[in-house]
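Here is a set of short exercises to work through with the model open beside you. Try each task before reading its solution.

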Amino acid sequence: VPGLGEVRDLFLVGQHWYKQWEVYVQGGNQDSSTFPGCINNAELFEDQVNWRLKKELVEGEDYVLLPAAAWHYLVNWYGLEHGQPPIERKVVELPSIHKVEVYPVELVLVQHSDMDTPHTAQFSQTDSVDLVLQTAREQFLVSPQEETRLWIKNAEGSFERLCNTRVTVLDASLKTGQVVVMETRNKDGTWPSVQPHATSSTLEEEEDFQGQPGICGLTNLGNTCFMNSALQCLSNVPQLTEYFLKNQYVEELNFCNPLGMKGEIAQAYADLVKQAWSGHHRSIVPQVFKTKVGHFASQFLGYQQHDSQELLSFLLDGLHEDLNRVKKKEYVELCDAAGRPDQEVAQEAWQNHKRRNDSVIVDTFHGLFKSTLVCPDCGNVSVTFDPFCYLSVPLPVSHKRVMEVFFVSMDPRRKPEQHRLVVPKKGKISDLCVALAKHTGISPERMIVADVFSHRFYKIYQLEESLSSILDRDDIFIYEVSGRAAVGENSREDVVLPIYLRERTPARDYNSSYYGLMLFGHPLLVSVPRDRLSWDALYHILLYRLSRYVTRPSSDDEDDGDEKDLEDKDSLPKPGHVTEGSSQDPGLEQAGPSSGVVSGSRAPVDNSPGPSHWPQRARRKHLFTLQTVNSNGTSDRSTFNEDTHAQPYIAIDWDPEMKKRYYDEVEAEGYVKHDCVGYVLKKAPVRLQECIELFTTVETLEKENPCHLLPLWPPTPQAYFHLRAFARADLTSFIL
């Protein structure tokens, strides 16, 4: 008998028959009574039904081992006892010795749907788990089209999946007497062991449902819409989905890849695809897949919102490594282009990439970048082709912006006009004025831009300010003012005054001078000649600016003024309520350089008419009174400092009765739309080609960047940090 290392199969023969055969052969008499007859191993079996070997049989005492060739000769010469099976045993190759497996592993095979009907089968420790699966399929009459998988029952009663069917019974640690459960996939793509959480009525409806394969929703688990959207996109890639539906992934599962996930992500995704494309579900709950993702990527644990592209990146990488056909990655040395044609260099780079990465993901999603680096100083050109799986491309951004504004003319007869203007997105306030000038014919120099909020000026803009400070929801008013001539000797300069409208209401707190006054309407910016800067003149100027919606009192109305008015208002009413002992009359604050309305050159000079010098003129009756206020229009300013540079704000205070009689609120709120508002601005659709063109735009590196090539291997000390950070990346293809 040759050594055990040279044979794979041996046969057991009973010691009694073998000894008798030896005597017969050595005697040389063919008619001798020592003729052994048919090979009879009855003494080795416990029974004549299951033909199970007796326990603790000893080689040389109870049986002998014969190689396959010798056994077949003996069977041909003498035959085998009727009904007895041959006792074939395999040689198990252990790390240091070869051992004959006299007692094989006896497994109890059952179906998941019928756990009470077991079947016992014997397997060698060198048999693959796939043989166990095929034996179970044959025993339980499973059709070739049906998909099955195995579970083992542990001693404590729990079940564990046998994922890798390519390993041996020995490697799978299967022991005699262990229960192996075969599970058959349902027609709807689910497994019986993983039933969805639903009521019986819902399950019955799903069983009867028959829809179009692939038209299937994914139930949201908290905030997992990011995951569902990525899965729906990936599920509709024909090549990948067909790959899983046809079970091509089963033969390519890579359970030993240290960068992979033991095939679990690929199997979980396959289950999801089979359910979605079974046509038996309106929607499915991706709970098992979600749990599996969270197990291997802790950032996706829980049910919070995440980035969809981040999950898709993880899933593509996980599927690639779980299905990588390369079981042992070899070292690949990168070669420089060295002036060779691009086709040759690209082909070489792709072959090198495939030597380490070869999967259905590579076949479907991977490609090559061509990166060209040209040094402007030395002219050195470096061309590389780097693999990629997905692109994060920029979106084409329009350099124009559409803004809606209201134009307020100096002509009181004209209503405010709404305009829709197209301006540079990174432009300035002056660009907004220039765009409006094309519609109105008014010079941009005669425009002031303001943000109006809650009946007051939220901000008055300088021409040099950026348009980015204006939001789309802001109410922007552009006011026409008088020309901004430079100040010179004998030249007249206008002061632009912000005007608020207020209405007196019954005061509740008499200690507050401004409580009981409420802002209303739209504020104004009014140009007033500096030489006419008096309360009397300002009253008439404002009355003229408000003439479209404020009615002047008739002569009868003036005569009807009550006696109190004639007594208290013999002169033009001064702003505020100043006592007789006041040392200084309240008045207008002069515009300062920081006002955004008038420049610093327009500050008052010594001989300018100040509030203390403003003449008063008697009138019988006034529709409103004037008051200097702060920028919010809430605090009356009863003192005036000639040296202040703060912007003067004027409030027009209305008595409720006077406002009701002479102020037309409907007309005051009226405005007209310019023809440009009716134009529909068509937005050009974003084309994918545009995004790719932006992505491949040539970039100029900073001059500080040195033009030299770092060695790829061995890495420099500075590179070790990056290599540790990207431990999952291929070191040989990592571009420093």
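The exercises below go from confidence to sheets, helices, cores and one loop residue.

Before starting, note that this is a predicted model, in which local features need pLDDT of at least 70, side-chain atom pairs count only at pLDDT 80 or more, and totals for chains, interfaces and linings use all residues. Residues are numbered from 1 along each chain as its sequence is written, and side-chain values use heavy atoms, with hydrogens and water left out.

**Exercise 1. Confidence**

Task: find which elements have the lowest and the highest mean pLDDT.

Solution:
- Step 1. pLDDT is the predictor's confidence in each residue, from 0 to 100. The mean for the protein is 79, and 78% of its residues reach 70 or more.
- Step 2. Helices (H or I, at least four residues) and strands (E, at least two) are DSSP runs, numbered from the N terminus. Helix 19 (residues 717-725) has the lowest mean, 31, and helix 6 (residues 238-245) the highest, 95.
- Step 3. Residues 561-620 have pLDDT below 50, and beyond near neighbours in sequence this stretch has 130 contacts in the model; contact means heavy atoms within 4.5 Å. Residues 707-736 are also below 50, with 32 such contacts.
- Step 4. Where pLDDT is low, the predicted coordinates should not be read in detail.

**Exercise 2. The four-stranded sheet**

Task: work out the strand order of the open sheet of four strands, and then what packs on it.

Solution:
- Step 1. Two strands pair if DSSP finds at least two bridges between them. The order is 2-1-3-4, with antiparallel pairing.
- Step 2. Strand 2 (63-67) and strand 4 (98-100) are the edge strands, each pairing on one side only.
- Step 3. On average, neighbouring strands are turned by 35 degrees against each other, direction ignored. Axes are lines fitted to C-alpha atoms, for helices over the stretch in contact, and angles run from 0 to 180 degrees between N-to-C directions.
- Step 4. Three bridges link strand 1 (residues 9-14) with strand 3 (residues 88-93), and Phe 11 stands opposite Glu 88.
- Step 5. Helix 1 (residues 15-27) packs on the sheet, touching strand 1 and strand 2, and its direction makes about 85 degrees with that of strand 1. Helix 2 (residues 68-78) lies across strand 1 and strand 2, at about 100 degrees to strand 2.

**Exercise 3. The five-stranded sheet**

Task: trace the partners of strand 5 and say why strand 6 and strand 8 each have one side without a neighbour in the sheet.

Solution:
- Step 1. The five strands form an open sheet in the order 6-5-9-7-8, with mixed pairing.
- Step 2. Strand 6 and strand 8 (159-161) stand at the edges with a single partner strand each, so one side of each lacks a neighbour in the sheet.
- Step 3. Strand 5 (residues 105-111) runs antiparallel to strand 6 (residues 114-123), joined by six bridges. A hairpin of two residues connects them.
- Step 4. Strand 5 runs parallel to strand 9 (residues 179-184), with four bridges; Leu 109 stands opposite Val 180 there.
- Step 5. Gln 111 has bridge partners on both sides: Asp 114 in strand 6 and Met 182 in strand 9.
- Step 6. Six of the seven residues of strand 5 are buried (under 20% relative accessible area; exposed is over 50%, partly exposed in between, with a 1.4 Å probe and protein chains only).

**Exercise 4. A helix pair**

Task: describe how helix 6 and helix 7 cross.

Solution:
- Step 1. The axes of helix 6 and helix 7 (residues 264-276) come within 9 Å and cross at roughly 95 degrees.
- Step 2. That makes the two helices roughly perpendicular (65 to 115 degrees; under 35 is roughly parallel, over 145 roughly antiparallel, the rest oblique).
- Step 3. Residues making the contact include Leu 240 and Phe 244 of helix 6, and Tyr 269 and Val 273 of helix 7.

**Exercise 5. Cores and a loop**

Task: locate the largest nonpolar core, then place Asn 223.

Solution:
- Step 1. A nonpolar core is a set of buried Ala, Val, Leu, Ile, Met, Phe, Trp, Tyr and Cys residues joined through side-chain atoms within 4.5 Å. The largest has 45 residues, and Phe 457 and Trp 654 are among those with the most contacts inside it.
- Step 2. Apart from it lies another core, of 38 residues, including Leu 231 and Phe 300.
- Step 3. Asn 223 sits in the loop between strand 10 (217-218) and helix 5 (225-235), and counts as partly exposed because its relative accessibility is 37%.
- Step 4. Beyond its neighbours within four places in sequence, Asn 223 contacts Tyr 303, Gln 304 and Gln 305. The C-alpha atoms of Asn 223 and Gln 305 are separated by 5.1 Å, although the two are 82 residues apart along the chain.
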